[in-house]
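Please read the following report with the sequence and the 3D view side by side, and look up each part as it is named.

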Amino acid sequence: MNTYCYSWQSELSSEHCKTIKALFFEGKPKQAGVGNVANIDKSMRSSNILPCPYDSDNGIYLNRIIRKYITMANRECFGVQLNGFQEFQVAKYNKGDFYNYHMDSNIYDNSSQRKLSITVQLSDSADYVGGDFQFSSDVGKLDEKTLREKGTILVFPSFLYHRITKVTQGERFSLVGWYEGNDWI
């Protein structure tokens, strides 16, 4: 691995962001859970999501847009074996919502594990206050201003601790997703 993340600033057009964001309102969003079960732990995470599994029309549509970024980041930085995507989620954070430090991957007794995570900023930076994406201090600090720009894409290994700080005003929308590969061991 050459670096801990790979990003494209303002890569997706406003039109793409608007179309992806609209999926949230057209679908049936639900309160976000924690882990691989529907564990609603509001001390850990508070937000709403629209799940877009790999075999859904929305998942297939989103993968067509995102796959090239995962491929490029993996080729340039990470070099992990990937089988495809697991799921995407369109996430909405209202005032007071957050997601405490967590990893997107755990070592389960599964033949396939989350290896790379992707997040796409769908909101304008002026649409909300707080709600910043951050890695834990042992990983490193990113330019939060850049990450808040609409259309910015960030790819990172799923085992890195990260969070979304509490939104104190407005609404924050993002697209998140996970690409899997054979187990780590």
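## Serine 123 and its surroundings

Leaving aside residues up to four places away in sequence, serine 123 touches Tyr128, Arg148, Lys150, Glu171, Arg172 and Phe173. The model is a predicted one, and in it serine 123 sits in the loop between S7 and strand S8 (128-130). Is serine 123 buried or exposed? Its relative accessible area is 1%, and because buried means under 20%, serine 123 counts as buried. A polar atom of its side chain lies 2.7 Å from the backbone nitrogen of phenylalanine 173.

## Strand S13 and its partners

Strand S13 covers residues 172-182, and 10 of its 11 residues are buried, so the strand is largely enclosed by the rest of the structure. The table lists two strands that pair with S13, together with one pair of facing residues for each.

| Strand paired with S13 | Sense and bridges | Facing residues |
|---|---|---|
| S5 (residues 84-93) | antiparallel, nine bridges | phenylalanine 85 and tyrosine 179 |
| S7 (residues 112-121) | antiparallel, nine bridges | threonine 119 and valine 176 |

## Helix H2

Helix H2 spans residues 57-78 and has a kink of about 45°, which is centred on isoleucine 66. Isoleucine 66 is itself one of the buried residues of H2, which also include Leu62, Tyr69, Ile70 and Ala73. In an α-helix there are 3.6 residues a turn, so residues three or four places apart point the same way. After H2 comes glycine 79, whose phi is positive, near 65°.

Note on methods
Residues are numbered from 1 along each chain as its sequence is written. This is a predicted model: local features need pLDDT of at least 70, side-chain atom pairs count only at pLDDT 80 or more; totals for chains, interfaces and linings use all residues. Side-chain values use heavy atoms; hydrogens and water are left out. Buried means under 20% relative accessible area, exposed over 50%, partly exposed in between (1.4 Å probe, protein chains only). Helices (H or I, at least four residues) and strands (E, at least two) are DSSP runs, numbered from the N terminus. Two strands pair if DSSP finds at least two bridges between them. The bend at a residue is the angle between axes fitted to the seven residues ending there and the seven starting there. A polar contact is a pair of N or O atoms within 3.5 Å; within protein, one must be able to donate a hydrogen and the other to accept it, and residues adjacent in sequence count only if both atoms are side-chain atoms. Contact means heavy atoms within 4.5 Å.
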